[in-house]
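Work through the following exercises with the sequence and the structure side by side, and try each task before reading its solution.

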Amino acid sequence: MGHKQLQTNEDGEIEEVKKDEDSESSMIIVRKPMKDFVGLENVDETIRKAIMNFSHYLTVGNMDEAYNSVRNIKNQTVWQNMA
């Protein structure tokens with residue numbers, strides 16, 4: 001069984017290093033938010049879901065549902081990052 005270790009790389013990104021005790025190999029997973037979601041890592045889960053729904057509906061061309069997904073969000077952080 002392996003273990004995980006979190007570390008910060010030179011770009012300030014958090015990396016998760018997984019090492020397998022039975023072998024010499026290791027795997028590095030870099031967690032980096034998409035450009036449109038930078039700064040939203042700490043917002044409420046309800047807001048995060050609304051933004052994901054907005055992105056989905058926008059992608060599939062359903063503008064009414066996209067608008068309805070985010071119309072009630074009052075959080076300034078969200079709107080500053082989406083601008």
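**Exercise 1. Overall layout.** Which pattern does the chain follow when it is read along the sequence?

*Solution.* The model is a predicted one, and its secondary structure comes to three helices and three strands. Reading along the sequence then gives the order β-β-β-α-α-α. Of the 83 residues in the chain, 20% are buried, and the accessible surface of the chain comes to about 6,700 Å², with 50% of that area belonging to carbon and sulfur atoms.

**Exercise 2. The two sides of helix 2.** Determine which residues of helix 2 are buried and where they lie around its axis.

*Solution.* Begin with the cut-off, under which a residue counts as buried if its relative accessible area is under 20%. In helix 2, which spans residues 63-70, this selects Ala66, Ser69 and Val70. Looking down the axis of helix 2, one finds these buried residues within an arc of 80°, so they line one face of the helix. The face turned away from this buried side carries Asp64 and Tyr67, which are exposed.

**Exercise 3. Packing of helix 1 and helix 2.** Describe how helix 1 and helix 2 are oriented and which residues meet between them.

*Solution.* Helix 1, residues 45-60, packs with helix 2 at an angle of about 170°, and their axes are 8 Å apart. Since angles over 145 degrees count as roughly antiparallel, helix 1 and helix 2 are therefore roughly antiparallel to each other, and their crossing is left-handed. On the side of helix 1, Ala50, Asn53, Phe54, Tyr57 and Leu58 take part, meeting Met63, Glu65, Ala66, Ser69 and Val70 of helix 2.

Definitions and conventions:
Residues are numbered from 1 along each chain as its sequence is written. This is a predicted model: local features need pLDDT of at least 70, side-chain atom pairs count only at pLDDT 80 or more; totals for chains, interfaces and linings use all residues. Side-chain values use heavy atoms; hydrogens and water are left out. Buried means under 20% relative accessible area, exposed over 50%, partly exposed in between (1.4 Å probe, protein chains only). Helices (H or I, at least four residues) and strands (E, at least two) are DSSP runs, numbered from the N terminus. The arc is that of the directions from the helix axis to the C-beta atoms. Accessible areas come from the Shrake-Rupley method with a 1.4 Å probe; for residues, only the protein chains shown count as cover. Axes are lines fitted to C-alpha atoms, for helices over the stretch in contact, and angles run from 0 to 180 degrees between N-to-C directions. Angles under 35 degrees count as roughly parallel, over 145 as roughly antiparallel, 65 to 115 as roughly perpendicular and the rest as oblique. A crossing is left-handed if the near helix is turned anticlockwise from the far one by less than a right angle, and right-handed if clockwise. Contact means heavy atoms within 4.5 Å.
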